[in-house]
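Hi,

Here is the structure I promised to pass on. Have a look at it first, then read my notes below.

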Amino acid sequence: MIGLSADAVGVTFPLYHGESRSLKKTVLTTAAGRFKQSSRRGLAIEALRDISLSLHAGDRLGLVGANGAGKTTLLRLMAGIYEPVAGRLVVNGAVTALLDPGQGLNMDLTGRENIRLRALFSGYREARIRQLQEDVASFTNLGAFLDLPVRSYSAGMIVRLSFAMATAVKPQILLMDEWLLAGDAAFMEQAQHRLETVVRAADILVLSSHNNDIIRRWCNRVVWMDEGRIRADGSPDEALAAYLSPK
Amino acid sequence: MNVIGPRREEMAAAVPARLPASLDLSGAPRWGDTIATAARDLRATLRLWRLVWTLSLFDIRLRYRGSVLGPFWLTLSTTIMIAAIGFLYARLFHQQIDHYLPFLTVSLILWNFISTVTADGSTCLTQAEGMIRAMRMPHSLHAARVVMRNILVFAHNVVVIVGVLVIFRMWPVASVLTILPAALLWCVDSFALSLLLGMLGARFRDTPPIVASMMQIVFYLTPVIWNPAMLMHHGIAMVLVRLNPFYSLLEIMRGPLLGEKVEPVAWLVACGYSVILIVLAGGVFARARGRIPYWV
C-alpha cells in the first residue's frame, strides 16, 4: 500500500562548522525562536518541529510558506535524505525527489556520463541505459552538447537535462520543488506534456511552491509551513485563505 | 482542471523506478534497528557495484581528460620516482641494487595505495555532498568508490612491479597464491578505513590535514624505503616495527610478491588490527550513518 506517514517528526541541524561563535550571536538576536542550545551538542537549528502528516494514494499535496519555513527540508525528509531526529517516518513506495536542477549532477562529466550514472543508480543494465540516453537526447535537443562536460551548459540546458533525466523514471511518490514549473516559456510548452504524464502517473505528489496558481492547479490538499511547523493542513481553498489572510 | 486524480497513463519514455521501495526511520532507533539499517546500506552498495565501478572509472578518466598519456602518467611517474630514489638510497643504505630496487618498487607502490586511501577516505563523504543531498543512497558507496578507484590506480602500477621483477629475474611463482588472501584483507581494511575516516572527516573538518600529517610520520616510521633487516640487531626497535599495523599489512603483501616467506606473526598482527578496525568502523557507521547528511 503506497503511502507516507510522519509522526511527530523533528529535524534539527547542528551548527558544528563555520564561525559558530559569531554565528551564534547574530543568530540568537535575529531568530531566537528556532535556535536551541543543547548542552551536549552546542547550537542547533530546529528546521522541522513536530511534523505529523499522512499521505495516501491520490493525494496531491502543496506546500506553501515563507522562505525558510522548512518546505525543502520537509521534501528532503520525505525523500529519506534527512533522517528524523525525533519521531518516526514511514514511506512505502518508490520516491523520486526533484529538488534542485543541478543537484546530483557531476559538472565535470558529460551529459551522457551523468545519465549513465543515474541509470546505474536505478539498477539499469546496458540496453536500458542506451534507451535512457536516447530518450533524454531526443527530449532535450542537446545534440552534441550531450558529449560535453555539464560545466559548459547554460542554466537552461542544465534544467532541461535534469528534467529529462528525472522524468524518465516513473515514481510512485513524486516530490518536487517549484523550479520544474518555473522554466522559460518555450521549455514549459515542451515540458508540459511530459511533466503532466509523470505527475498523473504518480500515486502521491508533494509540490512546494510560492506560486498559488500552480498550487491551485495541481494540488488537492495544502499544508502551510511556518517556522518549521505545520500551521494549517486542509483543502487548497481553506489553507491558502489562511495563508494569504493578513495577520 | 483544478484537481488531478491519479490516472494511469501509457508513458512512452518513462520506465518504472527501481528505488528502495520502503523506508521506516525513527528518531530514537534501537540498537538492533541501527545495525539492520547499516547492514542494508552495505548490501545496497554491494548491489550497486556497477555504479561504484563506473564512478571510479570516471574519476580516473576525469583526472587525465585532455592529457596525451592519460592514466599512463600513473605508471610513468611511479617508474621515474622509483628509478630516481632507488639508486640513491641503495647507496645511502649500503644495499645491493638487485635486492633493494625490487623491494623499494613493491613497497612504494603498496604504500602509495595506503596513503591515497587514507587521504581520499577522509574526504570521501564531504566530496560527495552533492550526491548525498540530492537523493537517498547508501553512504558506504562513497567509501567503496575510494577503494575501487585506488585499485584501478594500483592496476596501472602493477606494470612497474612486473617490469622490475622481470628485469631482476625474480619469479615469485610459488608464493603468488598467498597474495589472494592478503589482497582480500587489504580490500576489506581499506573499505573500513575509508568509511571510518570519511565519517570523521565529515564531522570534524580537521581530520584530513591531521590524517595527512600522521601518514607522513608513519611513512618514515614504517619500513617502506628502509628494509627491516637493517634493524635486526636492535631488539626493541624490531618489536616496535612488528607492532606497527602498517608494517604487518605491508609484509603480508610484500613477502609473496618478492618471493619471501611471511612470518606468521605478521599475519597474526595484521588480522588483529583488521578486526579492531572493522569493529570500530562498523560500530561508528551503525551509530552515525543517519547523521551523515547533516554533517556534509
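Let's start with a small puzzle: which residue does Trp224(A) stand opposite in S11(A)? The residue is Ala232(A). Before going on, some housekeeping: residues are numbered from 1 along each chain as its sequence is written, and chains are lettered from A and ligands numbered from 1 in the order in which they are written. This is a predicted model, in which local features need pLDDT of at least 70 and side-chain atom pairs count only at pLDDT 80 or more, while totals for chains, interfaces and linings use all residues.

**The sheet in chain A**

Chain A has eight helices and 11 strands (DSSP runs numbered from the N terminus: H or I of at least four residues for helices, E of at least two for strands). Six strands form an open sheet with mixed pairing, in the order S6-S8-S9-S4-S10-S11 (two strands pair if DSSP finds at least two bridges between them). At the edges sit S6 (95-98) and S11 (229-234) of chain A, each pairing on one side only. On average, neighbouring strands here are turned by 15° against each other, direction ignored.

At one edge, S6(A) runs parallel to S8 (residues 173-177) of chain A, and four bridges join them. Ala97(A) has Leu175(A) in S8(A) as its bridge partner.

At the other edge, S10(A) and S11(A) are antiparallel, with five bridges. That is where our opening pair, Trp224(A) and Ala232(A), belongs. The hairpin of these strands has two residues between them, and Glu227(A) takes a positive phi near 50°. Helix H8 (residues 236-244) of chain A lies across S4 (60-64), S10 (221-226) and S11 of chain A, at about 25° to S10(A) (axes are lines fitted to C-alpha atoms, for helices over the stretch in contact, and angles run from 0 to 180 degrees between N-to-C directions).

**Two domains in chain A**

Chain A is divided into domain 1 (3-93 + 208-244) and domain 2 (111-202); the bounds come from an automatic or database domain assignment. Their contact takes 12 residues from domain 1 and seven residues from domain 2 of chain A (in contact means C-beta atoms, placed from the backbone, within 7 Å). On the domain 1 side, helix H2 (71-78) and helix H7 (212-218) of chain A give two or more residues each, and H2(A) has the largest share, three residues.

**Where the chains meet**

How many residues of chain B are in contact with chain A? There are 42, and they touch 57 residues of chain A. H2(B) gives the most to the chain B side, with six residues. That side divides into 25 nonpolar, eight polar and nine charged residues (Ala, Val, Leu, Ile, Met, Phe, Trp, Tyr, Cys and Pro count as nonpolar, Asp, Glu, Lys and Arg as charged, and the others, Gly among them, as polar). Strands pair across the chains too: five bridges join S5 (residues 86-92) of chain A to S2(B), running antiparallel. Arg88(A) stands opposite Ser26(B) there.

**How far to trust it**

The predictor gives the complex an ipTM of 0.84 and a pTM of 0.87. Chain B has a mean pLDDT of 87, with 93% of its residues at 70 or more (pLDDT is the predictor's confidence in each residue, from 0 to 100). Over residues 1-20 of chain B, though, pLDDT stays under 50. Where pLDDT is low, the predicted coordinates should not be read in detail.

Cheers

Methods. Contact = placed C-beta atoms within 7 Å.
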